[in-house]
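User: Could you take a close look at one part of this model for me, the place where protein and DNA meet? I would also enjoy a short tour of the ring and charge contacts elsewhere.

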Amino acid sequence: MDYLADLTAAQREAATHVEGPLLVLAGAGSGKTRVITRRVAYLLSQGIPDRQVLAITFTNKAAAEMRERIAALVPIRGLTVATFHAFCARMLRVYGDALGVANDFTIYTQSESVRAVKQAIERQGLDTTNWSPDKIQGRISHLKNRLETAAEFSKYAGDYSSKNVAKIYTAYQDTLRSANAMDFDDLLMKVAMGLRDNEAFRGLLQDRFRYVLIDEYQDTNEAQYQIARRIAEGHGNICATGDPDQSIYGWRGANIHNILDFEKDFAGCRVIRLERNYRSTPQILGAAGSLIARNRKRKAKDLFTENPNGRPVRVVEVDTAEDEAREVAEDIRRECRAAGNYADVAVFYRVNSLSRALEDALRAAGIPHEIVRGSSFYERQEVRALVAYLRLLANPADDLALLRIVNVPTRGIGDTTVKRLEGFAAERGVSMLEACRRVGEVADLNARAQKSVGDFVKLLDDMATLDRVRMKQLVIDVVRLTDFDEYCRKLEGGEEDRVANVNELVNVAASFDAEQDEEATDAESEGVTPLMRFLERVSLVSDQDDVHEERPKVHLMTLHAAKGLEFPIVYIVGLEQGVLPHAMAEEEGRDLEEERRLCFVGITRAKSRLTLLHARYRMQRGQTNRQMPSVFLREIGDVGVERQSLARFSSSAPVFGVRRDSRREVGTTRRYPAPRQPAAAARTAQADREEEARLRAALPQDESPYKPNQLVKHPTYGIGTVFEVTGSGDSLKVGVRFPNIGEKKFVAQHARLEILARR
DNA sequence: CTCGGATGGGTTTTT
DNA sequence: CCCATCCGAG
């Protein structure tokens, strides 16, 4: 058992637990992944067949990593390592008959789901302004996560709003059914309900998966909890790993009580705490511990470390977001010159909008950097469109897929034509594709439209004859038939990226083909075509397979995106009331504890150097606001913490600023940290106003930033020269001359002009 | 169909 | 302020 040799006593105890429920409360940086992988290896070494083991993670990346790390220890073939969603999709494909689920369903992504909800709203004659598709989709998603069907919800929906949601929910399900599609939540819901109501299905899964392991258990929602519980209910072999202190997804339905109540749910449960941290300095851990101790909803857990002392945690006050960003950039410079590498550095923030100032400052300082997770690969327009073609091939009833590509690339099938086709399809109860086929029967279509639709059908028919065994070739052929590269080139903006994305999809297809060759034909997957599997992969995988990092870069990301990562040097910006904790969490009486956990997650990512920053003024929604330092800055305590002010205008430099904004004080006063320096508290409103006036004067707020001969950049016209500036304030107008285009006038506040260097 | 301008809304985000 | 989306004009 050499793979147990390097484990501590507690880790080994967890890794060698075989029968019965086990809860591993794994503190941040306590070697959880190690325990999980060793435990799986141990189970297999005890003669348990790998196909009886089910390991569930939350992201595909985590699943891939776990699989890899297990494979490095023991040979595996039939082991299931998957996300909840991928697992459910698989079960529905393979054992779906037991539930009466057709196994050739397609999976709608988030954006497709929203689109379908929007259609449902419109079909109910409701206005999409009052009934925002996004929000309604969110509500439906939550209902599904709680296993409430449209029919059940309709029964209980009382008020006007809920009744309409019920109507939309019902209509949306109709759409999904007729498109033979499921959204992400359906995958979980169908399996959870199947396990609950269908004995045969439950029996199949319980027999098949004798050992269940669920990682990040603190992030499970009700549906996922039900799935785990029902599968484990016969044999009780369930191992949950996680950390309540790192539960940060409550807002999307995760229920922290799943992990808090695990011991109650599974009688005879063994609990193992991993409290030794291998990642951070005592200073960083001390700050984190002091902070999280304020939470009531948790399991007492004392993180400790044997790591040597490091530098103090640095808390820095600055005046503005720009100062904050500049300080981060300068400090990165200092740190990296001394010891590090840019890849050692990460900057975290609560909301994406804070990344802008950071990006500007890093760019200005010439520090290579990257924002982690912009729009994901598979949500890119061009990729979605190509995938839609494939989807339509696999499932001709997929109307949403058809709608997505009916005029992509443009082929003269406009909205009017589409509306008429939709009308026809709805009337006859046929698919959109069928409606297109029978375009001759559709009323009120002119000859040109008919021809366009006819050509489109011809194109799809040609496509249908393509060989569907090799995905790479299929994608290439689809690109060729649709002249897709040409279309990408014609689209303005990042055209090279678009072609590159198409090529990337070809690569994904190629590696999929390669995997298919390697993987022995799985008896279970009979009847599931390679195309279906490929589409499943593409729908469920949102991350681009990690692009290999070329040169070292500073990583910028939200606190949510930071979970599970670690960096030697970490900066967290915007530690201010209303930002972290976020205003929404306070105002709506939402969970301040989750915000605290978020901060905790950020802090515990740092290995050796942690800097927390807060600005006294921050521009939000076009307005400069006075910002209170975050309560969390106080809660991290003073041991191993060094506080510093770089604010230019503050004489007393209180680390915890003075309350001045009377509006914000109301009702929340008690939560605010007490001012440390009474003298500061005594400052008058007059003094504040003066200071603000000075500050404002110091900020670059010219009456007009545009001057004749100024170089500017317009998103459409490109770079031009200002030749005229008239008016002021809201009616400030700017005349710009663009080479080869001519002169244009813009209302400054509307036109998105970017100021370039002054001539 | 395509563009520019008006309008409204604004955590966090994986699957 | 910044963005996505909608809407009317050409």
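Analyst: Happy to help; what follows starts at the DNA and then moves on to the aromatic rings and one arginine. Please keep in mind that this is a predicted model.

Let us begin with DNA strand C. The residues around DNA strand C are Lys118, Arg356, Met619, Arg621 and Gly622. Sorted by class, the surface near this strand has three charged residues, one polar and one nonpolar. Gly622 is counted here as polar, while Met619 counts as nonpolar. Of the strand's atoms within 4 Å of the protein, 57% belong to sugar or phosphate, and the rest belong to bases.

Which atoms make the polar contacts? For Lys118, a polar side-chain atom lies 3.1 Å from a phosphate oxygen of DNA strand C. Arg356 also uses its side chain: one of its polar atoms lies 2.9 Å from a phosphate oxygen of DNA strand C. With Gly622 the backbone takes part, as an N or O atom of its backbone lies 3.4 Å from a sugar or linking oxygen of DNA strand C.

Now to the rings. A search of the whole structure finds eight aromatic pairs. One of them joins Phe262 and Phe266, with 4.6 Å centre to centre and 35 degrees between the planes. Why is this pair called tilted? Planes under 30 degrees apart count as stacked and those over 60 as edge-to-face, so an angle of 35 degrees falls in the remaining class, tilted. Phe262 is buried, with a relative accessible area of 0%, and Phe266 is buried too, at 8%. Together with Tyr217, Phe262 and Phe266 form one aromatic cluster.

Rings also meet charges in this model. The charged end of Arg93 sits over the ring of Phe105, 4.0 Å from the ring centre. Arg252 lies over the face of Trp251, with 5.9 Å to the ring centre. The cut-off for such a contact is 6 Å, so the Arg252 value of 5.9 Å falls within it.

Finally, a stop at Arg230, which is found in helix H11, residues 222-232. Is Arg230 buried or exposed? Its relative accessible area is 14%, and under 20% counts as buried, so Arg230 is buried. Leaving out residues up to four places away in sequence, Arg230 touches Leu195, Arg196, Arg202 and Gln206.

Conventions:
Residues numbered from 1 in each chain as written. Chains lettered and ligands numbered in written order. Predicted model: local features only at pLDDT ≥ 70, side-chain atom pairs only at ≥ 80, totals over all residues. Heavy atoms only, no water. Phe/Tyr/Trp six-rings, centres within 6.5 Å; stacked < 30°, edge-to-face > 60°. Buried < 20%, exposed > 50% of the residue type's maximum accessible area, 1.4 Å probe, protein only. Lys NZ or Arg CZ within 6 Å of the ring centre and 35° of its normal. Helix = DSSP H or I, 4+ residues; strand = E, 2+ residues; numbered from the N terminus. Contact = heavy atoms within 4.5 Å. Near = heavy atom within 4 Å. Polar contact = N/O pair within 3.5 Å; in protein donor to acceptor, adjacent residues only side chain to side chain.
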